[in-house]
Amino acid sequence: MSPTKHEQMRNLNTLSVLDFIRQHGQSTRRDIQTATGLSWAAVSTISTDLIAKNILKESAYHGHLAGRNPAYLNFSPMRNLTIGMELNAEGLTVLLLGLRCEVIDSRIEAIRSLERDDVLRQMLGAVEAILEANRLNSRELLGIGIAVQGSVDREGSTSLYNSFFRDWKNVPLKKICEERFGVEVRIIHDPVCIILAEQWRRRLLGEDCALVRLSFGIGMGYLAGGVPILGYTGAAGELGHMVLNPNGPLCSCGNRGCMESYCSIRGLTRRILDAAKLGELALPEALCTGEENSVDYMKRMVAWAADGASNGNKLLRRLFDEAGEYLGLGIANIVSLFNPSKVILTGELLQYQKLFLPHATKAAHSAAWMLSEFEILLLEEGRLQASVGAALHFINNAFESQDSRLLA
């Protein structure tokens, strides 16, 4: 075997050992040998080398076993860390994560200003704060992954557009962050990040599945054979701007009848306000004034509408019924086009699922291609999912790439 091939084989064996520990946590050498099929000598040599590099640590077993007690291997604490961040109009979440996606530290902040420079300043400050709190140099990180709303270029370098932030077009987030922190940065569409987190949590390896985020807008992440689909320019997954009714309500993108104009928090808010302007609906005084695109205002508006729909208001009930029907048509189109085994729904709108989900499920199964087989699953999303998924871009690479820093 040539030296190059020998090195490649050793690297693959090393990644195999590391990935087993990633999947199972602390493990004995015998556990690793049995699972990977490597020889005892190979496992011993690799683990000794990784301990010397401070990638792994060894600890003694503290129980009572007959014979010699085994030693356990695990990742060294506070080494090979990654920052995952979610940036959206509602808030900023920054996580410091270990190699097993465990959260070591976190910062969650409300966005203080929607102005471009203020958002960037707050984002950079939050990363600096979490590094300082943990006495870390950014160059010790594997990377910084940033999940963002709106459109992202295929290279993961530029946030092309976010309709909530002011003057937010073609923002070179990768360049800005790399110049500040001196570490590799990747920008990723937020629903793609969430489905990567779900892939890790649910072990959706090799599967075809879609994740739809029902929030202030609507976005989709899709795994084909376990690999995220980004599209030619990176704009795959703009499900919210699939036109379902050309004569429907105006969407934020300028088209009419987009899915987002029916079954997002912003779309529902606009439909409620349109009904109020036509005299079809009386708003409470607290909702008669306010910034229509304010996240807080939209949340209060939809909460009020959900309460009214639950208590028999026919117009509000119809708006949620239609939200469910159009969501179901959107799901049916995904299923007919891509044939996923699962469609996962998540996002803030799910708190009102009783008002729209039955209609969505019925419409999806009625309109999808008759030979399709799929299930609709719900993910009650926490604030951390997108940030974890953003970090996974670098964590996964650390276990899969011949250029992994774990092999250096």
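Guide: Helices and strands are DSSP runs, numbered from the N terminus. The model before us is predicted. Let us begin with its pockets.

Visitor: How much space lies in the largest pocket?

Guide: The largest pocket holds about 570 Å³ of space.

Visitor: Which elements each supply at least two residues of the lining of the largest pocket?

Guide: They are helix 1 (3-24), strand 10 (185-189), helix 6 (190-202), strand 13 (227-228) and helix 12 (385-400). Helix 12 gives the largest share, six residues.

Visitor: Which residues lie nearest the centre of the largest pocket?

Guide: The lining comprises 32 residues, and Leu-196, Gln-199, Pro-228, His-393 and Asn-396 lie nearest the centre. By class, the lining of this pocket divides into 14 nonpolar, 11 polar and seven charged residues.

Visitor: What is the volume of the second largest pocket?

Guide: Its volume is about 390 Å³. The second largest pocket is lined by 25 residues, and those closest to its centre are Gln-149, Gly-150, Gly-217, Ile-218 and Glu-260. Two or more lining residues come from each of helix 6 and strand 12 (218-224). The lining of the second largest pocket has six nonpolar, 12 polar and seven charged residues.

Visitor: I turn to enclosed space. How many cavities of 30 Å³ or more does a search of the whole structure find?

Guide: A cavity is distinguished from a pocket in that a 1.4 Å probe fits but cannot get out. The search of the whole structure finds one cavity of 30 Å³ or more. About 60 Å³ of space lies in the largest cavity.

Visitor: Which residues line the largest cavity?

Guide: The lining is formed by Phe-216, Leu-250, Cys-251, Ser-252, Glu-260, Ser-261, Ser-264, Arg-266, Gly-267 and Arg-270. Helix 7 (260-263) and helix 8 (265-277) are the elements that give two or more residues to this lining. Helix 8 provides the largest share, three residues. The cavity lining consists of three nonpolar, four polar and three charged residues. Glu-260 lines this cavity and is also among the residues closest to the centre of the second largest pocket.

Visitor: How should one read helix packing, and at what angle do the axes of helix 9 and helix 10 cross?

Guide: One reads the approach of the axes together with their angle. Helix 9 (residues 295-310) and helix 10 (residues 314-338) have axes that come within 8 Å and cross at roughly 110°. Angles of 65 to 115 degrees count as roughly perpendicular, and helix 9 is therefore roughly perpendicular to helix 10. Val-302, Trp-304, Ala-305, Ala-306, Gly-308 and Ala-309 of helix 9 make the contact with Leu-316, Arg-317 and Phe-320 of helix 10. Seven of the contact residues are nonpolar, one is polar and one is charged.

Visitor: How far apart are the axes of helix 10 and helix 11?

Guide: The axes of helix 10 and helix 11 (residues 353-367) are 7 Å apart, and the two helices pack at an angle of about 35°. Their crossing is right-handed. Helix 10 contributes residues including Arg-317, Phe-320, Gly-324, Gly-328 and Ser-336, while helix 11 contributes Leu-355, Phe-356, His-359, Ala-360, Ala-363, Ala-364 and Ala-367. The contact residues divide into 11 nonpolar, four polar and three charged.

Visitor: Is the crossing of helix 8 and helix 10 right-handed or left-handed?

Guide: Helix 8 passes helix 10 in a right-handed crossing. The axes of helix 8 and helix 10 come within 11 Å and cross at roughly 145°. Leu-268, Arg-271, Ile-272 and Ala-275 of helix 8 meet Leu-315, Leu-316, Arg-318, Leu-319, Phe-320, Glu-322 and Ala-323 of helix 10. This contact has eight nonpolar, no polar and three charged residues. Phe-320 of helix 10 thus takes part in the contacts with helix 9, helix 11 and helix 8.

How values were computed. Residues numbered from 1 in each chain as written. Predicted model: local features only at pLDDT ≥ 70, side-chain atom pairs only at ≥ 80, totals over all residues. Heavy atoms only, no water. Axes fitted to C-alpha atoms, helices over the stretch in contact; angles between N-to-C directions. Helix = DSSP H or I, 4+ residues; strand = E, 2+ residues; numbered from the N terminus. Parallel < 35°, antiparallel > 145°, perpendicular 65-115°, else oblique. Contact = heavy atoms within 4.5 Å. Nonpolar A, V, L, I, M, F, W, Y, C, P; charged D, E, K, R; others polar. 1 Å grid on protein atoms, 1.4 Å probe; cavity = no way out; pocket = protein on both sides within 12 Å on 5 of 7 lines; lining within 4 Å. Points joined across faces, edges and corners; volume = space filled by probe spheres on them. Left-handed = near helix turned anticlockwise from the far one by under 90°.
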